[in-house]
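The exercises below ask you to read a protein model step by step, with a worked solution after each task. Keep the sequence and the structure open while you work.

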Amino acid sequence: MTAAVTLISGDGIGPQISDAAVRVLEAAGAEVDWDHQLAGMAAIERGFGPLPDETFDSICASKVALKGPLTTPIGEGFRSINVALRKMFDLYANVRPAKTLLSGGRYNDIDIVVIRENTEGLYVGVEHFIGMEKDPQAAAESVMIVTRYGAERIVRFAFEYAIANGRRKVTLVHKANILKCTQALFLDAGRRVAADYEGRVEFEDRIVDNTAMQLVMDPYQFDIIVTENMFGDILSDEASGLIGGLGLAPGANIGKDAAIFEAVHGSAPDIAGQGIANPSALILAGCMLFDHVGQSEVAARTREALVSALGSDVRTRDLGGTATTQEFADKIIGELK
Ligand code: NAI
Ligand code: MG
């Protein structure tokens, strides 16, 4: 059945990698009706707000989106539209697999999934400056919010994901040694949920700073990492570094009623407009999307062709090659079986 999918091509490298992803996925046989919508800077440049009503309505109707990266102004300006979308659609689970597709890097055979709580923590946006004397920004305060409900549902999601995907272990990552309320609640809620899965999936907990070090020293000890919002943001970029970088790391934002698929990386302003970005992460996010909408054969065919293309000498610059985004997309299409 044809899938209706909202397509937000995004900012920076977004339009080029989205174009590549659409071409590859369609060539792989995706039965899809793309509803092209705007968000972020691209929407603002066309005279809309950063999240137009039409875009929101489209996702409400389709319940599935493929989204390019959206630029968020640093330290000022509008708040992240990525975070806003996750909150609006209650996309509480951010699933970010880091799996080796290209051997010969620092590590081989990495297969880690970071599952990040996507709606709470420091990303709730409860923050303000505090003025003192003549300085309106003499201090600043951000509030980390953790609810038992939110912590339980993300840890349960991680265990259910482990069972559905035949995984062996869930590592809960926290900072409960220092943050004795928020992080202790996350850990306590997680331990309670873990008890329901005893004997089926192994469980352990780790402090986040140690985890960051262990990921580099011995990544093979990890299988699924479940953690709160900011730690998940950081550790998922780190995990992508184990498999060749952000150009290869996809992600899914999953809620009860909707799902948005995107790359882990951002809009890469340093290489935007040059036509050299690696489209693989967004293509792999597209694969996660087609698995989600019941077109797994499209996802499998695309992944297989992508792995073949990565194994060839046609690669983008981030992977040591000289191919453009379009040349690499053409190579993948040529490898489709
Ligand atoms: P970034 O992920 O855009 O870039 C980090 C580094 O990785 C850069 O050197 C970039 O060139 C490289 N890179 C990223 N994707 C690549 C690709 N596909 N191919 C080759 N190289 C790639 O992170 P940065 O620079 O910190 O953020 C830029 C903007 O993106 C910010 O406005 C940020 O808020 C936004 N952002 C958006 C996200 C989203 O839409 N979900 C996620 C992360 C950041
Ligand atoms: Mg990030």
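**Exercise 1. Find the residue that stands opposite valine 95 in E11, and then follow the pairing of E11 further.**

Solution. Step one: valine 95 stands opposite alanine 252 in E11, where a strand (E) is a DSSP run of at least two residues and a helix (H or I) a run of at least four, both numbered from the N terminus. This is a predicted model, in which local features need pLDDT of at least 70, side-chain atom pairs count only at pLDDT 80 or more, and totals for chains, interfaces and linings use all residues. Residues are numbered from 1 along each chain as its sequence is written, chains are lettered from A and ligands numbered from 1 in the order in which they are written, and side-chain values use heavy atoms, with hydrogens and water left out.

Step two: strand E4 (residues 93-99) and E11 pair in the antiparallel sense over three bridges, pairing being assigned if DSSP finds at least two bridges between two strands.

Step three: E11 also pairs with E12 in the antiparallel sense, over five bridges, and here alanine 252 stands opposite phenylalanine 261. With four residues between them, E11 and E12 form a hairpin.

**Exercise 2. Decide which residues of E11 are buried on each side of the strand.**

Solution. Step one: in strand E11 (residues 250-254), five of five residues are buried, that is, under 20% relative accessible area with a 1.4 Å probe and protein chains only, whereas exposed means over 50% and partly exposed lies in between.

Step two: Pro250, Ala252 and Ile254 lie on one side, and Gly251 and Asn253 on the other, so that both faces are covered.

**Exercise 3. Work out which residues touch the most other members of the largest nonpolar core.**

Solution. Step one: a nonpolar core is a set of buried Ala, Val, Leu, Ile, Met, Phe, Trp, Tyr and Cys residues joined through side-chain atoms within 4.5 Å. Of the 85 residues in the largest one, Trp34, Leu66, Ile115 and Phe261 touch the most other members.

Step two: helix H5 (residues 148-164) gives this core its largest share, eight residues.

Step three: leaving aside neighbours within four places in sequence, phenylalanine 261 is in contact (heavy atoms within 4.5 Å) with residues including Leu66, Ala252, Ile254 and Leu289.

**Exercise 4. Is glycine 275 buried or exposed?**

Solution. Glycine 275 lies in the loop between strand E12 (259-263) and helix H9 (280-292), and it counts as buried because its relative accessibility is 14%.
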